[in-house]
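I opened a fresh page for this structure. My notes follow in the order I looked things up.

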Amino acid sequence: MIDESNGYESIAEIYIKGRGRAVNGIGSSTVRAWAGSFNKGSIILDLGCGTGIPVTKILLEAGLNAYAVDASMKMVEDFRQNFPYVPVACESVERSSFFDRSFDGIIAVGLMFLLSEETQRVLIPKMAAALNPGGKLLFTAPLDKVEWKDVMTEKDSRSLGAEQYRYLVSASGLSIGEEFHDEGGNHYFNGLRPS
Ligand SMILES: C[S@@+](CC[C@H](N)C(=O)[O-])C[C@H]1O[C@@H](n2cnc3c(N)ncnc32)[C@H](O)[C@@H]1O
């Protein structure tokens with residue numbers, strides 16, 4: 001069977017015990033600040049949600065409604081136990097049926113650089129198109145154009161670099177929002193769909 005999780009299904013047990021239980025894990029305060037910028041009840045899609053901890057949990061605590069997607073079955077099983085009332089699909093972002101819907105916000109923490117360059121180039125406009133007017137996009141990727149092996153999965157990862165990400169965000173019809181850097185050195189790109 002093809003692994004669409006880019007290696008995360010095979011290391012899910014280890015991941016779940018670490019980041020997957022870290023309610024105040026790296027980036028939590030950055031995600032919390034972003035979540036606080038929405039009206040209560042806004043609908044947010046968490047792409048590559050893992051166990052939903054910490055990201056989906058923060059969205060819910062901010063009074064937002066979440067939808068979530070992850071390609072790893074083990075991650076999704078854990079997510080369902082953590083958040084039984086949140087709709088979560090076990091599917092790849094490449095094929096997710098949630099892109100038939102529209103959202104006030106889309107967040108992808110720790111996902112973008114796991115995908116092939118081509119998939120990243122397709123995903124950014126796809127996320128932008130699924131945003132409601134006034135909607136916001138937040139995703140993490142290194143600022144520099146760089147390739148490396150993911151420490152957990154040992155699979156190839158790649159950042160297209162800040163210039164390309166900003167270009168792809170604005171070419172998708174979004175304006176570039178304020179960018180952030182968290183305590184773990186992760187960079188957050190931010191796109192805003194005009195109202
Ligand atoms: C580094 S983890 C980040 C999880 C979570 N967002 C967090 O911040 O803790 C990456 C997640 O993306 C998922 N993933 C990887 N490739 C994917 C794909 N093509 N479609 C959907 N999910 C994917 C993995 O299964 C894993 O749960």
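I began with a convention: two strands pair if DSSP finds at least two bridges between them. On that basis I checked β1 against β4, and three bridges join them in the parallel sense. I also noted that this is a predicted model.

**Entry: the strand β1**

I stayed with β1, residues 43-47. On its pairing with β4, I found I44 opposite G105. I then looked at β2, residues 65-70. Five bridges join β1 to β2, and these strands run parallel. L45 has Y67 as its bridge partner in β2. I traced the connection as well: β1, α3 and β2 make a right-handed β-α-β unit. Is β1 mostly covered, or is it left open? I found it mostly covered, with four of its five residues buried.

**Entry: A66 in β2**

I picked A66, which sits in strand β2. I asked why A66 counts as buried. The cut-off is 20 or more other C-beta atoms within 10 Å. A66 has 27 C-beta neighbours inside 10 Å, so it counts as buried. I listed its contacts beyond four places in sequence: I44, D46, T56, L59, L60 and V86. I also took one distance. A66 and Y85 are 19 residues apart in sequence, and their C-alpha atoms are 9.4 Å apart.

**Entry: the loop after β1**

I moved on to the loop between β1 and α3, where G48 lies. G48 is buried because 26 other C-beta atoms lie within 10 Å. Setting aside residues up to four places away in sequence, I found G48 touching D70, V93, A108, G110 and L111. For a long-range check I took V146, 98 residues away along the chain. The C-alpha atoms of G48 and V146 are separated by 21 Å.

P54 is found in that loop too, between β1 and α3 (55-61). I checked its peptide bond. The bond joining I53 and P54 is cis, with omega at about 5°. Most peptide bonds are trans.

**Entry: the ligand shell**

Which residues come nearest to the ligand? I counted 22 residues around it, and Y8, G48, G50, S72 and G110 come nearest. I sorted the shell by class. It has 11 nonpolar, seven polar and four charged residues.

**Entry: β4 and β5**

I went next to strand β4, residues 103-108, which pairs with β5 in the parallel sense over five bridges. One bridge I wrote down has I106 with L137 as its partner in β5. Between these strands I followed helix α5, residues 117-129. β4, α5 and β5 make a right-handed β-α-β unit.

Why do I call β5 largely enclosed by the rest of the structure? Seven of the 10 residues of β5 (131-140) are buried, so the strand is largely enclosed. I looked at a further partner, strand β10, residues 187-192. Five bridges join β5 to β10, and these two run antiparallel. K136 stands opposite L192 in β10.

**Entry: the nonpolar core**

I asked which residues have the most contacts inside the largest nonpolar core. That core has 52 residues, and the answer is L47, I106, I107, A108 and L137. In soluble globular proteins, nonpolar side chains tend to be buried together. I followed I106 in detail. Leaving aside neighbours within four places in sequence, I106 is in contact with L45, L47, M127, A130, L131 and L137.

**Entry: helix α4**

I turned to α4, residues 73-82. Its buried residues are K74, M75, V76, D78 and F79. I asked what covers them, and the cover includes α1, β2 and β3 (88-90).

**Entry: positive phi**

Last, I searched for unusual backbone angles. Most residues other than glycine have a negative phi. I noted N6, whose phi is positive at about 55° although it is not a glycine. N6 is found in the segment before α1 (12-17). N6 is buried, with 21 other C-beta atoms within 10 Å.

I noted E154 as well, with a positive phi near 60°. E154 is in the loop between β6 (145-149) and β7 (156-160). Is E154 buried or exposed? E154 is exposed, because 10 other C-beta atoms lie within 10 Å.

Methods:
Residues numbered from 1 in each chain as written. Predicted model: local features only at pLDDT ≥ 70, side-chain atom pairs only at ≥ 80, totals over all residues. Buried ≥ 20, exposed ≤ 12 C-beta atoms within 10 Å, placed from the backbone. Contact = placed C-beta atoms within 7 Å. Near = placed C-beta within 6 Å. Nonpolar A, V, L, I, M, F, W, Y, C, P; charged D, E, K, R; others polar. Core = buried A, V, L, I, M, F, W, Y, C linked by C-beta atoms within 7 Å. Right-handed = clockwise from strand over helix to strand, strands pointing away.
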